[in-house]
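Okay, thanks for coming, everyone. I'll walk you through one protein chain today, so have a look at it on the screen and then we'll go piece by piece.

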Amino acid sequence: MRDTDDDEYLAQRFEEHRGHLRAVAYRMLGSLSEAEDAVQEGWLRASRADSSAVDNLGGWLTTIVGRICLNMLRSRSTRREAALDVEEYEYVHVPDPIVGSVDVVDPEQEVLLADSVGLALMVVLETLSPAERLSFVLHDMFAVPFEDIAPIVDKTPAATRQLASRARRRVQGQSPSPSVDRTRQREVVDAFISAARGGDFEALLALLDPDVLLRADAGSLPATKLVRGARVVAEQAYTFRKFAALNHPVLVNGMPGIVAAKDGRAFSLLSFTLGADGRITEMNILADPKRMAELDVSFLKG
């Protein structure tokens, strides 16, 4: 029979690791609600297991949550393949963003975004296989040894290393350019808002890299969009100028972005990735009504 004091101690230690576990699950799943579900399931499994011989509780809990996330990803992939029996549309998905004020730092968000995992990187993580994503996230982002990851994906450590290596090549170049500081990022966002409000097409065009990519997720296949090239992307942005008055600068996964909102309700969100020259190389738009309705923008002024 388990000791009540042991259960209380485990619960206390789990709470100490909850922020870290949510960060792991968010990177694995790209969904804040699913990340919460994975962490809660992790607690249920940990509370039923014998942890008396565990030396590294944090590592043990991380592998438990990692295994849960892997199963969730595999289940999601199966459902997605079944749903995408429509060849004329390319599936476009923008992961859940972490949105915050440009003026106030939220400590909980800081934990989730400790290594500046931008939305563009999260998008690329969505393209990895479940095993690749797990291997890369646990090893490269959280320094979990391959020897500990291998049993989760049912591979040898060497094969697990190869999974992470393949994933690393896919995500290379998706981190924010270190030569573009936060001030320059904010200037670009402010310039984008100003050009959109003023209906200045040429000003919009000047902000974009010639090969800029726009990814728009409106929640349903016919409404999703993936376009490339400065002029066509500027044209897409120009068509939304009538909503420009609703735009507010925010932080999206720790980097400057824009949310369109009115009376505390968000309608769309736009994140930017800047190249070394300070021009926009990628834009990700989330306009899924269901997910936008769940976005908390109560921190916005006005």
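Before anything else, one term: when I say two residues are in contact, I mean they have heavy atoms within 4.5 Å. Also, please keep in mind that this is a predicted model.

With that term in hand, let's begin at Lys301. It sits in the segment after helix H12, residues 289-293. Is Lys301 buried or exposed? It's exposed, because its relative accessible area is 70%, and the cut-off for exposed is over 50%. So which residues does Lys301 touch, leaving aside its neighbours within four places in sequence? Those would be Asp103 and His248. And if you look for Gly264, it is 37 residues away from Lys301 in sequence, with 9.1 Å between the two C-alpha atoms.

Now the overall picture. The chain has 302 residues, and 47% of them count as buried. In secondary structure we have twelve helices and seven strands. Take the contacts with a separation of 6 or more: 66% of those join residues 24 or more positions apart. As for the outside, about 15,300 Å² is exposed, and carbon and sulfur atoms supply 50% of that.

On to a couple of helices. H6, residues 130-141, is mostly covered, with ten of its twelve residues buried. Among them are Glu132 and Arg133, along with Leu134, Phe136 and Val137. How far apart are the end C-alpha atoms of H6? They are 16 Å apart, and that agrees with the expected span, because twelve residues at 1.5 Å a residue should also cover 16 Å.

Just after H6 comes Ala143, with a positive phi of about 55 degrees, even though it isn't a glycine. Ala143 belongs to the loop between H6 and H7, and at 62% relative accessibility it counts as exposed.

There's another one like that to look at: Asn253. It's not a glycine either, and it has a positive phi of about 50 degrees. You'll find Asn253 in the loop between strand S4, residues 247-252, and S5. Asn253 counts as buried, because its relative accessibility is 1% and the cut-off for buried is under 20%.

Next, H8, residues 157-171. H8 has 15 residues and reaches 21 Å from its first C-alpha to its last, close to the 21 Å expected. Its buried residues are Thr160, Leu163, Ala164, Ser165, Ala167 and Val171. What do they pack against? Three helices: H5 (119-125), H6 and H7 (146-153).

Last topic, empty space inside. Rolling a probe the size of a water molecule over the atoms shows where such space is left. Here the count is two cavities of 30 Å³ or more, and I'd like to show you the second largest, which holds about 50 Å³. The elements that give two or more residues to its lining are H5, strand S5 (255-262) and strand S6 (265-274). S6 gives the most, with three residues. The full lining is Gly118, Leu119, Ala120, Val252, Met255, Pro256, Ser271, Phe272 and Thr273. By class, that lining comes to six nonpolar residues, three polar and no charged ones.

That's my tour, and I'm happy to go back to any part of it.

Technical notes
Residues numbered from 1 in each chain as written. Predicted model: local features only at pLDDT ≥ 70, side-chain atom pairs only at ≥ 80, totals over all residues. Heavy atoms only, no water. Helix = DSSP H or I, 4+ residues; strand = E, 2+ residues; numbered from the N terminus. Buried < 20%, exposed > 50% of the residue type's maximum accessible area, 1.4 Å probe, protein only. Areas by Shrake-Rupley, 256 points an atom, 1.4 Å probe, with all protein chains shown as cover. Expected span 1.5 Å × (residues − 1). 1 Å grid on protein atoms, 1.4 Å probe; cavity = no way out; pocket = protein on both sides within 12 Å on 5 of 7 lines; lining within 4 Å. Points joined across faces, edges and corners; volume = space filled by probe spheres on them. Nonpolar A, V, L, I, M, F, W, Y, C, P; charged D, E, K, R; others polar.
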